Amino acid sequence: MTPTVGDPSQTRQPARPASPPTARVVHIVELLAESDRQSLTLAEIVRHTSLSRATAHAIVSELTARGWLSRDPGSGRYGIGPDFLALARKAGGADHLQRWAATETRALCDRFGIPFFVARRSSSDVLTLAAHAFPPHLTPGSEPHPWLRDGSRIRIRPPICREFVAFDPPADREAWVARASESSRTRLRVVLDVVAERGYSIERMTDDHVAVIEALGSLDTMPETLRNRVGDLLTELSVVDYLPEELESVAADGIPVVTIGAPVFGENRRVVAAMVACPNTTLPLPELRTLAEATRASAAAISTHLP
């Protein structure tokens, strides 16, 4: 039956009363799951949630007993527990991104013999690892790329994560650029246009690349003023991406490449993830283009499976 205007049977029912105890539990679990430090003391949980110490202690004790949280006996810090992670893995079976990311990363890894990973946009400015694949000669026990380490969380900050920002609305792009040092902004704007046109970013390989990535990942533990200054310095020290004419100019000697990142689009053409190839070597230009186009095509294939 189609409801009609004024039909008494369609009168809005009062909303169910909220459940404060449930909200408190959810708040604490979300806090621990999203914490940049991955663990918090009871005092920190109290401060973040504004709960009384007694209430927070009762909740974390019950969650710890059920395996949803774990407590480090030495530091007293709480983190997400094994039973919650097991439940999350089961739920991941219904996660279209994770399912297709795993399939595509394995196919690309088998084809090219290098690591691939998919980074998921877990919040407006944070990326987490959704799936990864290693070739047989590079096992997870060896030293991986910094972005492939368990628990990695990457901030979408200049100059990295360009394949996410390049397709954002102009205001969001400009806000990202504004976080970089003033001397770097003109190049960043040009690079974002290039990434949007060709469909992927290219991370240059330098001796200091890993150190720069590690430093960018640690900025969130610094005071804001110092964080901004260090971020500006790192951006100034980085030669960001390759412009088309730069690729051609160095093609004869091979092109040093750490990663190639291509966007995965979700609803409303928003970039929700990126497929990332990790050659971490010098490539002839034709090989780079072949790898980049395969990475871009794989990201596009994942996009077609997302709701």
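How much area does the protein chain expose, and what share of it do carbon and sulfur atoms supply? The exposed area is about 16,600 Å², and carbon and sulfur atoms supply 54% of it. The model is predicted.

**Overall fold**

The protein chain holds 12 helices and 9 strands. It has 307 residues, and 43% of them count as buried. Contacts were also sorted by sequence separation. Among those between residues at least 6 apart in sequence, 62% join residues at least 24 apart.

**Strand S7 and its partners**

Strand S7 spans residues 255-265. Of its 11 residues, 10 are buried, so S7 is largely enclosed by the rest of the structure. The cut-off behind that statement is a relative accessible area under 20%.

S7 pairs with S6, S8 and S9, as the table sets out.

| Partner of S7 | Residues | Sense | Bridges | One bridge pair |
|---|---|---|---|---|
| S6 | 201-204 | antiparallel | 4 bridges | Ile202 and Ile260 |
| S8 | 271-277 | antiparallel | 6 bridges | Val264 and Ala273 |
| S9 | 281-283 | antiparallel | 3 bridges | Pro256 and Thr282 |

The individual pairs place each partner along S7. Ile260 of S7 is the bridge partner of Ile202. Val264 is matched with Ala273 in S8. Pro256 is matched with Thr282 in S9.

S7 and S8 also form a hairpin. What separates the two strands in sequence? There are 5 residues between them. Asn268 lies in this turn and has a positive phi of about 60 degrees.

In a regular strand the side chains alternate between the two faces of the sheet. For S7, burial takes in 10 of the 11 residues.

**Cysteines**

How many disulfides does the model contain? The count comes to 0 disulfides. Cys109 is in no disulfide, and the nearest cysteine sulfur, that of Cys278, is 9.8 Å away. The view from Cys278 agrees: Cys278 is in no disulfide, and its nearest cysteine sulfur is that of Cys109, 9.8 Å away. The cut-off for a disulfide is a pair of sulfur atoms within 2.5 Å.

Are these two cysteines buried or exposed? Cys109 counts as buried, at 2% relative accessibility. Cys278 is buried as well, with a relative accessible area of 5%. Both values fall under the 20% cut-off for burial.

Terms used: Residues are numbered from 1 along each chain as its sequence is written. This is a predicted model: local features need pLDDT of at least 70, side-chain atom pairs count only at pLDDT 80 or more; totals for chains, interfaces and linings use all residues. Side-chain values use heavy atoms; hydrogens and water are left out. Buried means under 20% relative accessible area, exposed over 50%, partly exposed in between (1.4 Å probe, protein chains only). Two strands pair if DSSP finds at least two bridges between them. Contact means heavy atoms within 4.5 Å. Accessible areas come from the Shrake-Rupley method with a 1.4 Å probe; for residues, only the protein chains shown count as cover.
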